Amino acid sequence: MPFASAVTYFQEHDLDLNNYLQPHPLSTYFLRMEGDALRCAGIYSGDILVVDRSRIAAGGNLIVAEVNGELLARRLLVKKSQTFLGTDNPRQPPIPLQQEDTFAVWGVITSVIRKLL
């Protein structure tokens with residue numbers, strides 16, 4: 001069974017990357033990922049994160065958060081009444097947030113942009 005050509009598809013249908021990547025443009029911003037904390041989730045150092053501040057973070061979401069003055073991209077994990085920040089690396093256990101930690105979610109990561117060349 002032959003596949004339809006992507007060129008043919010996009011000649012017939014408009015693809016607006018702004019609409020596709022930013023359904024909430026006034027609350028969306030971009031950050032460049034530094035480090036390998038989300039490598040196991042397919043996000044690499046140098047990738048551009050598309051972050052939506054209008055989305056409410058839920059357990060399992062990839063988020064950008066400020067923890068004790070440091071900006072981090074992590075997976076939000078909630079187990080019972082404890083909140084953790086995970087790296088998706090099985091060799092690095094999730095880090096529990098302590099009551100004395102300052103913590104604020106800056107948005108939910110909705111997309112990743114990566115140049116191949």
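Two strands pair if DSSP finds at least two bridges between them. Strands here are DSSP runs of E with at least two residues, numbered from the N terminus.

This is a predicted model, where local features need pLDDT of at least 70, side-chain atom pairs count only at pLDDT 80 or more, and totals for chains, interfaces and linings use all residues. Residues are numbered from 1 along each chain as its sequence is written, and side-chain values use heavy atoms, with hydrogens and water left out.

**View A. The whole sheet, strand by strand.** Seen as a set, 7 strands make an open sheet with antiparallel pairing. Read across, the order is β1-β2-β7-β3-β4-β5-β6. The edges belong to β1 (28-32) and β6 (95-96); each has a single partner strand, so one side of each is left without a neighbour in the sheet.

**View B. Strand β2 and its two partners.** On one side, β1 and β2 run antiparallel and are joined by 5 bridges, with F30 facing its bridge partner V50 in β2. On the other side, β2 (residues 48-52) pairs with β7 (residues 103-113), again antiparallel and over 5 bridges. Look for V50 once more here, as it stands opposite S111 in β7. Two further matches on the β7 side are L49 with V112 and D52 with V108. How much of β2 is buried? The count is 4 of its 5 residues, so the strand is largely enclosed by the rest of the structure; buried means under 20% relative accessible area, exposed over 50%, and partly exposed in between (1.4 Å probe, protein chains only).

**View C. Strand β7 meets β3.** Strand β3 (residues 62-67) pairs with β7 in the antiparallel sense, over 5 bridges. One spot to pick out is A65, which stands opposite V105 in β7.

**View D. D47, tucked into a loop.** D47 is found in the loop between β1 and β2. Is this residue buried or exposed? D47 is buried, with a relative accessible area of 3%. Its side chain reaches the backbone nitrogen of Y44 at 2.8 Å, and a polar contact of 2.8 Å joins it to the side chain of R114. (A polar contact is a pair of N or O atoms within 3.5 Å; within protein, one must be able to donate a hydrogen and the other to accept it, and residues adjacent in sequence count only if both atoms are side-chain atoms.) Leaving aside residues up to four places away in sequence, D47 touches L31, R32, M33, G42, V112, I113 and R114, where contact means heavy atoms within 4.5 Å.

**View E. L31 on strand β1.** L31 lies in β1 and is partly exposed, with a relative accessible area of 26%. Its contacts, not counting residues up to four places away in sequence, are D47, I48, L49, V64 and L71. L31 and V112 are 81 residues apart in sequence, yet 9.7 Å apart in space, C-alpha to C-alpha.

**View F. K79 over the ring of F84.** The charged end of K79 sits over the F84 ring, 5.7 Å from its centre. The test for this is NZ of Lys or CZ of Arg within 6 Å of the ring centre and within 35 degrees of the ring normal.
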